[in-house]
Amino acid sequence: MSRTALRICPLCEATCGLTLTIEGTRVTGARGDRDDVFSRGFICPKGASFGAVDGDPDRLRAPLVRRDGELREATWEEAFDAVAAGIRPVIERHGPNAVGVVLGNPNVHTMAGALYPPVLLGALGTRSVFSASTVDQMPKHVSSGLLYGDANAIPVPDLDHTDHLLLIGANPLESNGSLCTAPDFPGKLKALKARGGTLTVVDPRRTRTAALADRHIAVRPGTDALLLAAMAHVLFEEDLADLKDLAPHVEGLAELRESLQDFTPEEVAAACDVQAPLIRTLARELAAAPTAAVYARIGSCTVPHGTLASWLVDVLNILTGNLDRPGGALFPQSATDRTPRPAGPGRGFALGRWRSRVSGHPEAKSELPIAALAEEIDTATEEGEPIRAVIAIAANPVLSTPDGDRLDKALGTLDFMVSVDPYLNETSRHADVVLPPPPPAQSPHHDFAFNTLAVRNQVRYTRPAVPLEPGRMAETEIHARLVLAATGMHGTDPAAVDAMVVDQTLGKAVKEPHSPAYGRDPRELAAQLTGDDGPERRLDMMLRLGPYGDGFGARPDGLTLARLLAHPHGIDLGPLAARLPQPLRTRSGRVELLPGPIADDLPRLREALAERPAGLVLVGRRHLRSNNSWMHNVPALTGGSNRCTLHIHPEDADRLGVRDGEAVRVKGAGGEVTAPAEVTADIRPGVVSLPHGWGHDRPGTRLRHAATDPGVNVNQLLDGSLLDPLSGNAVLNGVPVELIARP
Ligand SMILES: Nc1nc2c(c(=O)[nH]1)N[C@H]1C(S)=C(S)[C@@H](COP(=O)(O)OP(=O)(O)OC[C@H]3O[C@@H](n4cnc5c(=O)[nH]c(N)nc54)[C@H](O)[C@@H]3O)O[C@H]1N2
Ligand SMILES: Nc1nc2c(c(=O)[nH]1)N[C@H]1C(S)=C(S)[C@@H](COP(=O)(O)OP(=O)(O)OC[C@H]3O[C@@H](n4cnc5c(=O)[nH]c(N)nc54)[C@H](O)[C@@H]3O)O[C@H]1N2
Ligand code: SF4
Ligand SMILES: [Mo]
């Protein structure tokens, strides 16, 4: 007997609604949920393989605890005993900074990852916090923090309504979109063209997205900030800047104009390898379009001027009056956002409130650069203690961050390490305790993060599609117990963690005049919360206090968990709408166009005007049937074109004697790898490309399928020394490499 159940797909940022077919407790099929209010039936090959991802036989079923040097299956009680016994002494002897917390990407794809890490970090009080954000979007957070006073206020292109999309360093036909949650991104690009709109793609590779574009600009890697600065320059020079309704909310226009004086199209053309007249055309088209949005992702962030490029994206949207208007780039309003405060000056955004111990990197958003994790473990200084214990949650930095070999060694020297991870992989193999979460079908789902980045306001929640298998523990409970074990409260009922958060949140809300809970009794409000467990009660609380919430009765037709449960395909909350000035939290209460740290970084960009790469540079790429480091163990998602090959242009291949299919050695500052060459005209000359997340050949892992075709770790080519200085983001794209064809 089979049945169906709904489940929001957690495998990428598009958050498609799936209808799973379930036999017994096994997921045997997945199709798009046509009634999903947001995704309307869209599904991609990864979602269609949900059953295979969920049922991977290599997923750990029980906790592992290291005894006599070997990881062995243990009970949950033994595992949490070991966590408490491993972490507490480190904190007591060496202080909280000796515990490093490493948060990986899947935390934004689980409810547990949204609800508990903030509690863990608050309770530990460590400054040794690292996440995938600093190999990803930290530049965008920093630019938003500086422009708007809120690092999480990230404008999203209005894909469904724009007339003109300038898409930079993103390949949504493979990635399905990022910092822009849009099920069927490819369909939305086609619809844009069908309604007469234009798509311009800036990418050193001729990607599938670029192939769809009206215009593809094969920019030289790492030079987008120059290109965008020149476009902004043209808007000023040709009197095309028109802020429209934004004008009263923006300050610093004259200073911005002044600061971009040097960046003429003619000056940047050689560095970008884009002709000056074309740069002028791009600027004019952007200004002339009825509505337009500039949108940029990984290729613009993981580069030396990532923060400047991210800032310039918003600058262009602002100068053309396209920020915060339909068809442009808008701030979503999610159902679990905090109760909107009245507009007005805020506390602003501070950078560099402390620095990393070894290299003195400034913190950004309370995080240190993950590229500096290894040195924070393996290097002693007089400033303080190195990291001696690591809590890694959904993170595989040995593959996903620069110089995996050094980090691999460093992790091996720790006093204690715990991984919350379903796999025994390149990183978790170093753990003393591995706490495996259940597969996604056994977990509830709500997109706390991605709903704040979605192209349409909507809210959905799915309960576990399959009950927890015997011996399994919900990931939310794993996180709650981890908080307790790490903070000296081992043995306490994990429900206490949720109860504490509820108390604190409601206790604050009743004191905020703008809250619907203002002046009420927090215990009375807590008693109204519904839900089967702590995480559900917390979701209920957030919904009820949120912008669409029932305000605990203040708005009887508003959102509650009960109401959401009554709408299993989700609730549509309407298209993105103008919100300024409400989201602004700058000290001025306005958009601060030329923030100090940005102005101070512009001289470095000016220096880049003269830079020309001497040899080949490396960029990354993604494949639709892959996802970072953890999906190579699913046979249905590997093979075919999803391989770890080096893309190289025919001219470069000829010159260097590289032949298609033959192994080629690639050398970088951090090491050397050997991969088969794939000669293709879909990459510009002077640039080669390797995908990331491969290199599954380390001993002590349990990824049996991945090990049959391990690929190589592209991040071994990096030594971790190249960072965007403002955000601490690692430079992963546009890095110099040398090729040696096999003799
Ligand atoms: N060269 C290069 N390097 C890159 C990038 C690039 O473009 N080029 N991209 C960077 C980017 S954007 C990112 S986000 C990072 C990602 O890097 P990481 O954050 O390290 O991410 P992943 O490989 O996605 O997965 C990390 C771990 O999460 C585990 N996991 C999977 N599902 C779950 C779950 O439900 N719960 C828990 N607890 N764990 C789970 C996996 O087994 C894996 O060990 O890589 C970065 N590295
Ligand atoms: N299938 C699949 N989907 C994914 C992931 C995955 O691994 N696989 N990862 C998920 C994650 S964690 C993220 S963060 C998102 C990322 O989502 P995207 O940003 O769309 O990611 P990519 O497909 O890597 O596209 C980045 C593009 O930037 C180009 N590029 C490189 N350097 C430069 C440069 O200097 N300038 C310009 N203009 N372009 C450059 C590359 O050639 C590449 O085509 O994808 C998410 N979705
Ligand atoms: S596009 Fe992303 S969310 Fe949608 S089915 Fe594919 S992997 Fe899942
Ligand atoms: Mo990412």
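Here are four short exercises with worked solutions on this predicted model.

Residues are numbered from 1 along each chain as its sequence is written, while chains are lettered from A and ligands numbered from 1 in the order in which they are written. Local features need pLDDT of at least 70, side-chain atom pairs count only at pLDDT 80 or more, and totals for chains, interfaces and linings use all residues; side-chain values use heavy atoms, with hydrogens and water left out.

**Exercise 1: a covered helix**

Describe helix α15, its cover and what follows it.

Step 1. Start with the length: α15 spans residues 306-319, which makes 14 residues. Helices here are DSSP runs of H or I with at least four residues, strands are E runs of at least two, and both are numbered from the N terminus.

Step 2. From first C-alpha to last, α15 reaches 20 Å, close to the 20 Å expected at 1.5 Å a residue. The expected span is 1.5 Å times one less than the number of residues.

Step 3. Now look at cover: 14 of the 14 residues of α15 are buried. Buried stands for under 20% relative accessible area, exposed for over 50%, and partly exposed for what lies in between (1.4 Å probe, protein chains only).

Step 4. After the helix comes Gly321, with a positive phi near 70 degrees.

**Exercise 2: the largest nonpolar core**

Find which residues have the most contacts inside the largest nonpolar core, and which element gives the most to it.

Step 1. A nonpolar core is a set of buried Ala, Val, Leu, Ile, Met, Phe, Trp, Tyr and Cys residues joined through side-chain atoms within 4.5 Å. The largest one has 62 residues, and Tyr148, Leu226, Met231, Phe263, Trp311 and Ile318 have the most contacts inside it.

Step 2. Elements that each supply at least two residues include α6 (138-148), β9 (164-168), α24 (596-608) and the α15 of Exercise 1.

Step 3. The top contributor is α10, with eleven residues.

**Exercise 3: ligands 1 and 2**

Work out the polar contacts and the cover of ligand 2, then of ligand 1.

Step 1. Ligand 2 has 33 residues around it, of which Ser175, Asp203, Gly222, Asp224 and His623 come nearest. A residue counts as near if one of its heavy atoms lies within 4 Å.

Step 2. Polar contacts are pairs of N or O atoms within 3.5 Å; within protein, one must be able to donate a hydrogen and the other to accept it, and residues adjacent in sequence count only if both atoms are side-chain atoms. Oxygen atoms of ligand 2 lie 2.7 Å from the side chain of Ser175, 2.8 Å from that of Arg205 and 2.6 Å from a polar backbone atom of Gly222.

Step 3. On its own ligand 2 has 920 Å² of accessible area, and the protein covers 98% of it. Areas come from the Shrake-Rupley method with a 1.4 Å probe; for residues, only the protein chains shown count as cover.

Step 4. For ligand 1, polar side-chain atoms of Asp421 and Asn425 each lie 2.6 Å from an oxygen atom of the ligand. Ligand 1 taken alone exposes 930 Å², of which the protein buries 95%.

**Exercise 4: a histidine in a loop**

Is His109 buried or exposed, and what does its side chain reach?

Step 1. Locate His109 in the loop between β6 (99-103) and α4 (111-115).

Step 2. His109 has a relative accessible area of 8%, so this residue is buried.

Step 3. The side chain of His109 reaches the backbone oxygen of Pro10 at 2.9 Å.
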